[in-house]
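User: I have a model open and I'd like to learn how to read its helices and its core. Could you walk me through it?

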Amino acid sequence: MEKQNVTLFILLANLFIAFLGIGLVIPVTPTIMNELHLSGTIVGYMVAAFALTQLIVSPISGQWVDKFGRKKMIIIGLIIFSLSEFLFGIGQHVELLFVSRMLGGVSAAFIMPGVTAFIADITTLNTRAKALGYMSASISTGFIVGPGVGGFLAEIGTRLPFFFAAGLALVATVFSLVALREPQRNPENEEVKIVKGQGRLKRIFVPMYFIAFLILFISSFGLSAFESFFSLFADHKFAFTPKDIAIMITGGAILGVIVQVALFERLTKWFGEIGVVRYSLIFSTIIVFLLTIVNSYYMVLLVTMVTFVGFDLIRPALTTYLSRIAGNEQGFVGGMNSMFTSLGNVFGPIVGGILFDINLNYPFYFAALFSAVGVAITLAWKHPHQREEKELSSQT
């Protein structure tokens, strides 16, 4: 148990460092945009380039996680992430920035399935929800510290946060090489009932998988349209400084971490993973819409902080659900998780960027609408065990 806890801590520390690096650059995005005279549409395409690359690579990387091992994929992903941040830091032309974002997408496609599968190998079905809640909390914690540090570093130089992120990723790489050991595959996962006799592509469309993947797509579609342009929204509409933006994102991340660590496991026991997703989507739909109505600094601060709480619960709940039903294909499901998330992240920023150039509020209306669509789908979503029991009862 102690060895398991140490390994889990190392994995969470690596995720924290990686997402700290991502969070570092959030407050300086408007500044970079102004320096290079980029429109909201171009920024949207840049964010989409990250997600498109992640989308293309994720199905392959998910299989490689199962075939070549969790540790190798995590380490390679961290190295690529470091390179991508360094290139963005030195980039003075939009073409190099796009190359940087595409490499970032490759790194995400390697790291996330590897970490998720690693956690599935070292936990039981009963303890997995807590571990995945901690995983989500470590990501959120990276965003807590990242924007604050990024805002501070931006006062020294607007490109410094990118170099700092590249260095942190190298630290995480060395840490993983020395401290991580490739896990043995969890025999408990072999006992989970999975669908036999179908290829990997066809298996995506099996109802117990596909509905969860569809919710991932819809939630990430709406969230990316909101999240990608929040800093620009705050800058253009309210003239908030990088420090103001950092405070808002940090406050939201703090609340998200508290909920994930203290309440996520209990919420999944009370409502189940599907219930947590449904209620989180309802909450997020309402709050995102409210963001277009409020107009004072403190109201924007408050609404923004609680908005991220709802979104922070959706991803770990879906990941826990998929891990429970994945059997011995944790890498495959992790890859599909990443693929459908990035699929939404491809189109969300593109549409959001176009809408942002028309009206500052439109990306948020768009995000609220898609969250509402996700709510509607969850009403027809049943856990596989519930579906099986219903089918059995109809046959008797």
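**Reading the helices and the core**

Analyst: Happy to. Let's start with one residue: setting aside neighbours within four places in sequence, G374 touches I215, I218 and L281. Keep in mind that this is a predicted model.

User: Where does G374 sit, and is G374 buried or exposed?

Analyst: G374 is part of helix α16. Its relative accessible area is 1%, so G374 is buried, the cut-off being under 20%. For a sense of how the chain folds back, look at I282: 92 residues separate I282 from G374 along the chain, yet their C-alpha atoms are 8.7 Å apart.

User: How do I describe two helices that pack together?

Analyst: In general, you give the angle between the two axes and the distance between them. Here, take helix α13 (residues 264–291) and helix α16 (residues 362–378): their axes come within 8 Å and cross at roughly 155°. An angle over 145 degrees counts as roughly antiparallel, and α13 and α16 are therefore roughly antiparallel to each other. The crossing of α13 past α16 is left-handed.

User: Which residues make the contact between α13 and α16?

Analyst: On the α13 side they include I274, L281, I282 and F289. On the α16 side, among them are F364, A368, G374 and T378. So that's G374 again, now as part of the helix contact.

User: What about α4; which helices does it pack against?

Analyst: Two cases to look at. Helix α4 (residues 70–90) and helix α5 (residues 94–122) have axes that come within 7 Å and cross at roughly 155°. That makes α4 roughly antiparallel to α5, and α4 passes α5 in a left-handed crossing. With helix α7 (residues 160–179), α4 packs at an angle of about 165°, the axes being 8 Å apart. That makes α4 roughly antiparallel to α7, and this crossing is left-handed too. Contact residues include L78, F81 and F86 from α4, and F162, A166 and L170 from α7.

User: How should I think about a core?

Analyst: As a general idea, nonpolar side chains in soluble globular proteins tend to be buried together. In this model, the largest nonpolar core has 78 residues, and Y209, L322 and W381 have the most contacts inside it. Helix α14 (residues 297–325) gives the most to this core, with 13 residues. There is also a second, separate core of 24 residues, which includes L12, L78, F118 and I139. You met L78 a moment ago, in the contact of α4 with α7.

User: Is a charged residue such as D66 buried or exposed?

Analyst: Check its relative accessibility: D66 has 15%, and since the cut-off is under 20%, D66 counts as buried. D66 lies in helix α3 (residues 40–68). In space, D66 and A117 are 8.3 Å apart, C-alpha to C-alpha, although their positions lie 51 residues apart in sequence.

User: And how does the whole protein look in numbers?

Analyst: There are 17 helices and zero strands. Of the 396 residues, 61% count as buried. For contacts between residues at least 6 apart in sequence, 85% join residues at least 24 apart. On the outside, the protein exposes about 16400 Å², with carbon and sulfur atoms supplying 69% of that area.

User: So which features should I click through?

Analyst: Try G374 in α16, then the left-handed crossing of α13 past α16, and then the 78-residue core with Y209, L322 and W381.

Definitions and conventions. Residues are numbered from 1 along each chain as its sequence is written. This is a predicted model: local features need pLDDT of at least 70, side-chain atom pairs count only at pLDDT 80 or more; totals for chains, interfaces and linings use all residues. Side-chain values use heavy atoms; hydrogens and water are left out. Helices (H or I, at least four residues) and strands (E, at least two) are DSSP runs, numbered from the N terminus. Buried means under 20% relative accessible area, exposed over 50%, partly exposed in between (1.4 Å probe, protein chains only). Contact means heavy atoms within 4.5 Å. Accessible areas come from the Shrake-Rupley method with a 1.4 Å probe; for residues, only the protein chains shown count as cover. A nonpolar core is a set of buried Ala, Val, Leu, Ile, Met, Phe, Trp, Tyr and Cys residues joined through side-chain atoms within 4.5 Å. Axes are lines fitted to C-alpha atoms, for helices over the stretch in contact, and angles run from 0 to 180 degrees between N-to-C directions. Angles under 35 degrees count as roughly parallel, over 145 as roughly antiparallel, 65 to 115 as roughly perpendicular and the rest as oblique. A crossing is left-handed if the near helix is turned anticlockwise from the far one by less than a right angle, and right-handed if clockwise.
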